[in-house]
Amino acid sequence: MNSEKLHATDPNGHYIKTEERGILLREMQDHAKKHGDAHLAVPVVHIILTTSDGLVRLVQRGDKPENPFMWDKAVGGHVVTDDTSLSRQAFDDNAKKEIAEEIGITQITIAEDALHYQRLRHSGGFDFQREALLRLIDYDPWQGAVARVRGGEPWLKRSNTMTYAGIFDGPFRFMDGEAIAERTMAKGELLMEIRQTPWKYADGARVFMERYFHLI
């Protein structure tokens, strides 16, 4: 939505300013094209989902300005919040919102830490056909990925990123056109295909599979 306002942060994740989404992203893109890198980051959440037996769940992006129709991790989106401190709660809340809006999952639990996640996963209290269980696996205030823009030159986009991983076995329900199809793949097969046919995948998928292969 063009009316959304996003916060901009520096390489250390410190708040710089708030600006209308389109204006801020154009500023970052123009700077990256001139200097080879963005000068600001925008806070985002990324959620990598697997089935309970370890297959990675991918979605095909819709007709979007960035990386249209490419395969990507399950869910991602900008963090929209009034909280300029960008607390962990702001990221958690936006992760849940993005999951509900993009793939229709409304029952979501985010574990406090890795130990809590393992306890919940093996408690027998989750129905993974209806509920998603997530954990935070990384925070990177200056994560970079190449954004491919329809009708324009690719540019290096910086994101102040919290990345979550988790389990969900039920069907995705595409709610808002952000994603249009899904498939599952074994981790090793997916990483090989990304490296062999990178034009089929958003660059973020490569970043996440290379960086978090052993965590998902």
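**Exercise 1. Are Phe126 and Phe128 buried or exposed, and how are their rings arranged?**

Solution. Start with burial: both Phe126 and Phe128 are buried. Keep in mind as you explore that this model is predicted. Next, look at the two rings, whose centres lie 5.7 Å apart with 15 degrees between the planes. Planes under 30 degrees apart count as stacked, so Phe126 and Phe128 form a stacked aromatic pair. A search of the whole structure finds 4 aromatic pairs.

**Exercise 2. Find the ring partner of Phe168, then find which residue lies over the face of Phe172.**

Solution. Phe168 pairs with Phe172. Their rings are 6.4 Å apart, centre to centre, and the planes meet at 10 degrees, which is a stacked arrangement. Both Phe168 and Phe172 are buried. Now turn to the face of Phe172: Arg57 lies over it, at 3.9 Å from the ring centre.

**Exercise 3. Which arginine lies over the face of Trp71?**

Solution. Go to Trp71 and look over the face of its ring. There you will meet Arg183, at 4.5 Å from the ring centre.

**Exercise 4. Describe the surroundings of Asp92, and explain why Asp92 counts as buried.**

Solution. First, locate the residue: Asp92 belongs to helix 2, which covers residues 88-103. Second, check its exposure. The relative accessible area of Asp92 is 11%, and buried means under 20%, so Asp92 is buried. Third, list its neighbours: leaving aside residues up to four places away in sequence, Asp92 touches Ile110 and Tyr164. Finally, look at the side chains of Asp92 and Tyr164, which are joined by a polar contact of 2.6 Å.

How values were computed
Residues numbered from 1 in each chain as written. Predicted model: local features only at pLDDT ≥ 70, side-chain atom pairs only at ≥ 80, totals over all residues. Heavy atoms only, no water. Phe/Tyr/Trp six-rings, centres within 6.5 Å; stacked < 30°, edge-to-face > 60°. Buried < 20%, exposed > 50% of the residue type's maximum accessible area, 1.4 Å probe, protein only. Lys NZ or Arg CZ within 6 Å of the ring centre and 35° of its normal. Helix = DSSP H or I, 4+ residues; strand = E, 2+ residues; numbered from the N terminus. Polar contact = N/O pair within 3.5 Å; in protein donor to acceptor, adjacent residues only side chain to side chain. Contact = heavy atoms within 4.5 Å.
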